[in-house]
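User: I would like to learn how to read helix packing and pockets in a model such as this one. Could you take me through it step by step?

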Amino acid sequence: MTKKSNIKVGEVNDLIVIWLKEYATRAKVNGFVIGISGGVDSAVTSTLCAQTGLTTLCVEMPIHQDSNQVNRGKEHIEQLKKRYHNVQSCEADLTQVFETFKNNLPNSNVTFKLDLALANTRARLRMTTLYYYAGINGLLVAGTGNKVEDFGVGFFTKYGDGGVDLSPIADLMKSDVYALGEFLEIPKSIQNAAPTDGLFGDSRTDEEQIGASYDELEWAMLESEKNKSVDDFSGREKEVYQIFKKLNTINQHKMNPIPICLIPLEYKRY
């Protein structure tokens, strides 16, 4: 199921950088703010933003964070600041904010629902923080979601890491992001790390949460575009395809626009 990227990395890199710069110019902003997680998506996104020459603010927002994630994020930021003079960084430790929020709300008796709600709360606190920095510095919040996460399985938090101004890599498969990461020479520690959303305060990986690797999900997404059914597959392929179709179905509320109840004209007086 493994799929290697076939994108022309140099051309794609240049296209995204031009797109970012033109968008920021039209919006009359100073640049971009990006949350740095220690993962490949945020490393690639921040490097693309840095290439525009506009202000690129990298923000670390730990909440009981695994030390490996923190170290990878710091390594990337230091490397990026050495390569691009327009890169700035800051840290907003949200651990105490998170604890205060958690301690002032009733606990659920259903553990898995509580764990998920608190994980999503972390993402939403980070979104709020990024928009704070965006507001005071005249920046746009750059999203770090890739195509598999954003439009395949909906593996993001609604109004959390999904709350952004623009999405530079959302039309790239995960394999494409890795190819760009290699081209951009982001730290090897990030290129080789297992993907994780870092929302649970431990080292659990995305694959452990989803039940399939990104290579497998990418394969399933491409097969789904061919209108394949679950019965077209067997063994592990069938299992992966079922995982993909289930997540794609239940997470449509994240991928589609907010539904609006349209009021007929005859019910309006204006």
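User: At what angle do the axes of helix α4 and helix α5 cross?

Analyst: In this predicted model, the axes of α4 (residues 95–103) and α5 (residues 111–137) come within 11 Å and cross at roughly 130°. Angles over 145 degrees would count as roughly antiparallel, and the angle here therefore makes α4 oblique to α5. The crossing in which α4 passes α5 is right-handed.

User: Which residues of α4 and α5 meet?

Analyst: From α4 come Val97, Phe98, Phe101 and Lys102, and they meet Leu118, Thr121, Arg122 and Leu125 of α5. Sorted by class, the contact of α4 with α5 holds five nonpolar residues, one polar residue and two charged residues.

User: How should I read the pair α1 and α7, and what is the angle between their axes?

Analyst: The axes of α1 (residues 9–27) and α7 come within 10 Å and cross at roughly 90°, which means that α1 is roughly perpendicular to α7. On the α1 side the residues are Val9, Gly10, Val12, Asn13 and Ile16, while α7 brings Ala179, Leu180 and Phe183 to meet them. The contact of α1 with α7 has six nonpolar and two polar residues, and no charged ones.

User: Helix α2 packs with α7 as well; is that crossing left-handed or right-handed?

Analyst: Take the angle before the hand: α2 (residues 40–50) and α7 pack at about 55° with their axes 10 Å apart, and α2 is therefore oblique to α7. The crossing of α2 and α7 is left-handed. Val40, Asp41 and Val44 of α2 make this contact together with Lys174, Val177, Tyr178, Leu180 and Gly181 of α7. By class, the contact of α2 with α7 is divided into five nonpolar residues, one polar residue and two charged residues.

User: Turning to empty space, how much of it lies in the second largest pocket, and which residues lie nearest its centre?

Analyst: The general idea is that rolling a probe the size of a water molecule over the atoms shows where empty space is left. In this case, the second largest pocket contains about 400 Å³ of space. Its lining is made of 21 residues, and those nearest the centre of the pocket are Lys174, Ser175, Tyr178, Tyr214 and Asp215.

User: Which helix supplies the largest share of that lining?

Analyst: The largest share of the lining of the second largest pocket comes from α7, with five residues. Helices α7 (174–183), α9 (206–210) and α10 (214–224) each supply at least two residues of this lining. As for the chemical character of the lining, the second largest pocket has six nonpolar, seven polar and eight charged residues around it.

Definitions and conventions
Residues are numbered from 1 along each chain as its sequence is written. This is a predicted model: local features need pLDDT of at least 70, side-chain atom pairs count only at pLDDT 80 or more; totals for chains, interfaces and linings use all residues. Side-chain values use heavy atoms; hydrogens and water are left out. On a 1 Å grid over the protein atoms alone, a cavity is a set of points where a 1.4 Å probe fits but cannot get out, and a pocket is an open set with protein on both sides within 12 Å along at least five of seven lines; lining residues have an atom within 4 Å of a point. Grid points are joined across faces, edges and corners, and a volume is the space filled by probe spheres set on the points. Helices (H or I, at least four residues) and strands (E, at least two) are DSSP runs, numbered from the N terminus. Ala, Val, Leu, Ile, Met, Phe, Trp, Tyr, Cys and Pro count as nonpolar, Asp, Glu, Lys and Arg as charged, and the others, Gly among them, as polar. Axes are lines fitted to C-alpha atoms, for helices over the stretch in contact, and angles run from 0 to 180 degrees between N-to-C directions. Angles under 35 degrees count as roughly parallel, over 145 as roughly antiparallel, 65 to 115 as roughly perpendicular and the rest as oblique. A crossing is left-handed if the near helix is turned anticlockwise from the far one by less than a right angle, and right-handed if clockwise. Contact means heavy atoms within 4.5 Å.
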